[in-house]
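Dear colleague,

I am passing on the structure we spoke about, and I would be glad if you could look through it alongside the notes below.

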Amino acid sequence: MNRALISGMGVVCSIANSVSELEVSLRKGLSGYKNIQPERFDLSDNIFKSRSACVLDADLYSHLVQQDRTILYEISLNAITQALQDAGIELGNYEDPTRVALCMGTSIGGGHAFAKWMKSVLNQTYDYESLQMNHTYIARKLAKATGIKGGVSVVDTACASGGNAIGRAYDLIKDDRADIVIAGGVDVISYLTYCGFNSVFAISPQQCKPFDANRTGLNLGDAAAFVVVEKETAIAGKKEAYAEIGGYAILNEAYHATAPHPEGIYAKAAMEKAIQSAGVSLNEINYVNAHGTSTKANDTMEMKAIDELFKGNEVYVSSSKSMLGHTLGAAGGIEALITALAINKGFIPPSINIDQPVDAGHNVHIVKECQSLQIKAALSNSFAFAGNLASILLKQYKTI
C-alpha cells in the first residue's frame, strides 16, 4: 500500500491569499469577518440576522465577477497553482500526465452561473453559456488549464465535500491509481446560500464563537484551498512533506436532513474508523481540528463525540471556522490544509472569541489562543447536512 503525502498547499480565503499569509493570520488569531459588499447581494431586508460574513477582499471579488462567471474557477486555479509551485511540480514536464488526478469538492458549484442564467430568463435574454457552467465544467476547465490527464472527480457532499475530496485523493494514492492528486474544495457565498442558512436561523448576528457556552450560530465564509497529495516514491528526495494522510473515513448517519445525531455517536464512529484505517493509537493523537460550526446542535454533539472517544487521553481541540467562517464545500479542504500546516510547523491554531468555554471534560482542552505543540497525529472533521460525515487522520511524516 502506498503512503499518501501532502507536498504542496495553496489557499485563497478571507484572511489570506497564500499559505504563508495564512500561517501568520492563524498564529495571530485574525478573523475575516466583515460587512458583505452591497454589490454582492442585497441584505437590507430586516429578515436577515446579519449582513456580515468572512468574505474575500472586495477588489478580488470584483475582479472575479468581471472575469469569471462561475466565480469559483479563477480562485481555484490560483490555489492549485500555488500548491503545485509549493510542491515543486511542473505538470507539463511530468512523465505520465495520466497518473495525475484532480478531486474538487464544492457545494455551491455552478450556482453563481446558474443564478445568471435565471436572471437572463427573467430578462428574456437567455444566457445559455452560463447554464452550461456547472460543477463538472469548473473541474474540466481546471484540468485543462493545469494539464491534468488522469481522473477528474467532483465531490458534492455538502459541507463535507472538501474533506471527502482529500479522502478520495488518499484512496487513489493508496490503491496506486495515481501518483499525484490535486485535491481540496472551493465555495464563495451566494445569495441563495445566505438566504438558506438565514431561514434555518443558523447565522449569528455577531462573530461566531465555536465551543463557547453563549454561541449564537455560524458565520459563512469564502475560500478555495487545495493540496498536492503524492505517493511516497514520487516525493522522495524532492522536498519535505507537510504531513502524511494516515487514514480516512466516510459514513452517513441517516438521522436527519440538517441536524446531527444529538449524542454524536456517528461522529465518534467516523473518527474511530479514520483512526483504525491509519493504524495509530489514541495516545498518538493530540489535536482535533473540529468541524466546530458554532451552532448548538453541532458543537454539543461533536464535543460529546470527542470527549467519549478520547476518554483518558489528553487532546487539544479548536475550530478554524472561528476565523474563516463556514466555507461550506471548501471547509474540509481548508481545515485539512490547516491541520497539515499545524503538524508541520508545530502549533495549534486557536478558536477565537471564546469567553466561556463549554464543558469539554477533563482531558479535552479547547484552545483559545495559538499554542506551540508538536503534533504527532491529528484529526480533521467535516460533518455536513444530509448526514454526510468525514474524518481525516493526518500525522507527521517519517521515513521508514
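What follows describes the sheet, one helix that lies across it, and the cysteines.

Please keep in mind throughout that this is a predicted model. Its sheet is an open one of 11 strands with mixed pairing, and the strand order reads β5-β4-β6-β7-β1-β8-β15-β14-β9-β10-β12. The edges are formed by β5 (152-155) and β12 (364-366), each of which pairs on one side only, and the twist from one strand to the next averages 25°.

At the β12 edge, the partner strand is β10 (residues 315-318), and these two strands pair in the parallel sense over three bridges; within this pairing, tyrosine 316 stands opposite histidine 365 of β12.

Helix α3 (residues 72-87) lies across four strands, namely β1 (4-13), β4 (100-105), β6 (180-187) and β7 (223-231), and its direction is at about 140° to that of β1.

As for the cysteines, a search of the whole structure gives zero disulfides. Cysteine 103 is in no disulfide, and the nearest cysteine sulfur to its own, which belongs to cysteine 159, is 19 Å away; with a relative accessible area of 0%, cysteine 103 is buried. Why does cysteine 195 form no bond with the closest cysteine sulfur? The sulfur of cysteine 195 is 16 Å from that of cysteine 159, which is too far for a bond, because a disulfide requires the two sulfur atoms to be within 2.5 Å. Unlike the buried cysteine 103, cysteine 195 counts as partly exposed, at 23% relative accessibility.

With best regards

Definitions and conventions. Residues numbered from 1 in each chain as written. Predicted model: local features only at pLDDT ≥ 70, side-chain atom pairs only at ≥ 80, totals over all residues. Heavy atoms only, no water. Pairing = 2+ DSSP bridges. Axes fitted to C-alpha atoms, helices over the stretch in contact; angles between N-to-C directions. Contact = heavy atoms within 4.5 Å. Buried < 20%, exposed > 50% of the residue type's maximum accessible area, 1.4 Å probe, protein only.
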